[in-house]
Amino acid sequence: MSIQEIENNAKDNSMNRDDLVQSTPPTRETLQAPVTVSSSHTKEYHYSPTEPLICNNDINDVRYNNNSKNGLMDPNTPIMPTPNPLNFINAPSRTVYLGNLPKNITSERILDHVSSGVIEDCKILTIKNCAFITFIDENSALLFHSDSILKRLNIDGNDIKIGWGSSKLMDPLVAKRMKTEGATRNVYVGNLNVDKKNESFNVDILRKDFEQFGIIDCIKYIPEKGIAFIHFTSIIAAIHAVDNITDKTPFYEGKTISFGKDRCAFITKIQQYNAAQFLGLNTEYLDSIKQLNDRDIITNVLLQQSAATAAIATSAGGPNNLGNRTIFLGNLMKNTKVEDICNVVRGGILQNIKVIPDKNICFITFIDPSAAAQVYAMSSLHGLTIHKKRCKIGWGKHSGPLPNNIANAVACGASRNIYIGNIKLDQSKHKDYFNEDNLRRVFEEFGEVEQINFLPERNCCFINFTNINSAIIALDQIQQIPEFHNLNINFGKDRCGNIPQQIH
């Protein structure tokens with residue numbers, strides 16, 4: 001990502017009292033009510049037909065329609081009862097509708113935003129600027145649907161409208177091959193050891209050979225390993241490719257042709273982190289926790305988290321507060337510093353924190369709306385005390401969606417904390433340069449610094465910014481300074497993302 005892109009997307013989060021929303025603290029009954037999630041997933045992949053569910057271009061206008069064509073609303077058809085589009089508990093269909101898509105968007109660009117489960121097919125209606133994504137089970141569809149609403153899915157600058165498409169039966173051939181062979185829309189090709197006669201073999205050749213079976217989402221070719229992954233937009237196209245590629249193109253005779261894992265079903269680090277936070281597990285050892293590597297478990301936990309987040313946000317701030325990532329702290333002691341607040345707030349990685357000293361208030365914007373809801377709920381029930389004074393808790397002005405460049409950076413480990421290691425404090429050159437005053441001067445060129453923490457015994461230090469944008473830019477540019485050559489520089493852990501202590 002370019003520095004210019006980051007700077008263009010950086011937001012000025014300065015706020016005042018006008019940025020507050022009217023909110024009612026949640027009751028203990030609201031926050032502690034059990035959340036149940038439909039477990040409609042079945043290993044047999046059989047689905048009963050239901051009345052088609054149609055949606056138009058408005059998330060708040062999702063309607064039943066028996067006489068639809070191509071999943072679009074017939075204006076002459078009577079309107080049936082409207083299901084609640086913000087239902088985070090039950091999925092009426094396996095198909096999610098996406099409207100207001102950018103013109104000429106590709107399936108690859110759309111599916112880059114999907115990480116909730118295996119997809120049966122993805123269809124784009126170019127003239128309507130919309131698409132329908134059908135998952136193999138309702139829970140995967142519900143997770144993508146709820147996640148897109150909570151985080152306000154934005155693709156290439158367009159705010160995407162989310163709804164439900166018609167319910168439909170799975171293709172019998174797809175259901176059978178999934179059960180017997182684990183079929184997905186991803187075709188794996190192995191033994192692609194290209195000899196000197198075929199050194200020109202590349203992605204373009206793979207695309208030409210396989211696109212005869214259906215629309216291709218993306219292709220990943222790894223020449224040094226002699227393997228390739230061809231993701232189609234549908235499982236049925238992948239099945240036809242596996243069955244017929246050697247007959248259509250003799251070059252693939254003797255190659256390993258099988259099904260790979262759907263790229264939209266991989267569990268992301270962010271999903272593991274959010275699930276661990278919700279379950280109260282230690283987030284430092286995500287890979288070692290077996291449950292966090294199980295797609296069904298992760299999906300169910302994240303659905304419960306989404307339902308709880310929606311309940312907390314809407315009960316306190318109304319339906320327009322859904323997906324808000326910004327909370328407000330008031331009644332702060334005079335001269336309270338950002339560092340004082342960050343030493344207390346726990347439960348989620350921060351995008352930005354800003355204190356307004358003359359009003360003794362603070363606004364905290366989290367990366368994830370679930371983190372904001374959790375901190376709001378815990379603080380409302382148990383109180384949040386800074387300098388022995390209890391703070392007021394509320395919702396700030398809606399944060400809007402997380403910018404895509406920040407989301408991508410966080411997915412790669414970004415935080416507002418930068419780690420610098422391999423500092424030789426016993427050498428005069430480093431000792432004179434690497435001190436708190438000088439480092440603060442250097443790093444404040446990139447943004448406001450919250451805290452600098454030295455660990456001399458480990459020859460390292462941590463620079464915490466108040467805004468994650470500043471950290472991203474600093475990490476990209478700091479190694480251009482000669483004194484930082486040959487040092488280990490990376491993102492550290494945001495201490496605000498630690499698990500909150502249980503209060504009994």
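**Strands, core and loops of a predicted model**

Biologist: How many bridges join β10 to strand β11?

Modeller: Helices (H or I, at least four residues) and strands (E, at least two) are DSSP runs, numbered from the N terminus. Two strands pair if DSSP finds at least two bridges between them. β10 and β11 (residues 227–232) run antiparallel, and I216 has F232 of β11 as its bridge partner. The number of bridges joining β10 to β11 is six.

Biologist: What pLDDT do local features need?

Modeller: Residues are numbered from 1 along each chain as its sequence is written, and side-chain values use heavy atoms, with hydrogens and water left out. In this predicted model, totals for chains, interfaces and linings use all residues, side-chain atom pairs count only at pLDDT 80 or more, and local features need a pLDDT of at least 70.

Biologist: Which strands stand at the edges of the sheet, and why is one side of each left without a neighbour?

Modeller: The sheet is open and antiparallel, with its four strands in the order β10-β11-β9-β12. Each edge strand has a single partner strand, so one side lacks a neighbour in the sheet; these strands are β10 (216–222) and β12 (256–259).

Biologist: Which helix packs on this sheet?

Modeller: The helix spans residues 203–210 and touches β9 (186–190), β10 and β11, contact meaning heavy atoms within 4.5 Å. Its direction makes about 135° with that of β10; axes are lines fitted to C-alpha atoms, for helices over the stretch in contact, and angles run from 0 to 180 degrees between N-to-C directions. The helix is α6.

Biologist: Leaving aside neighbours within four places in sequence, which residues is V114 in contact with?

Modeller: A nonpolar core is a set of buried Ala, Val, Leu, Ile, Met, Phe, Trp, Tyr and Cys residues joined through side-chain atoms within 4.5 Å. V114 is among the residues that touch the most other members of the largest such core, which has 37 residues. Beyond its sequence neighbours, the contacts of V114 are I119, I133, F135, F144 and C264.

Biologist: Is N335, with its positive phi, buried or exposed?

Modeller: Most residues other than glycine have a negative phi. N335 has a phi near 70° and is found in the loop between β13 (326–330) and α10 (338–342). Buried means under 20% relative accessible area, exposed over 50%, and partly exposed in between (1.4 Å probe, protein chains only). At a relative accessible area of 65%, N335 is exposed.
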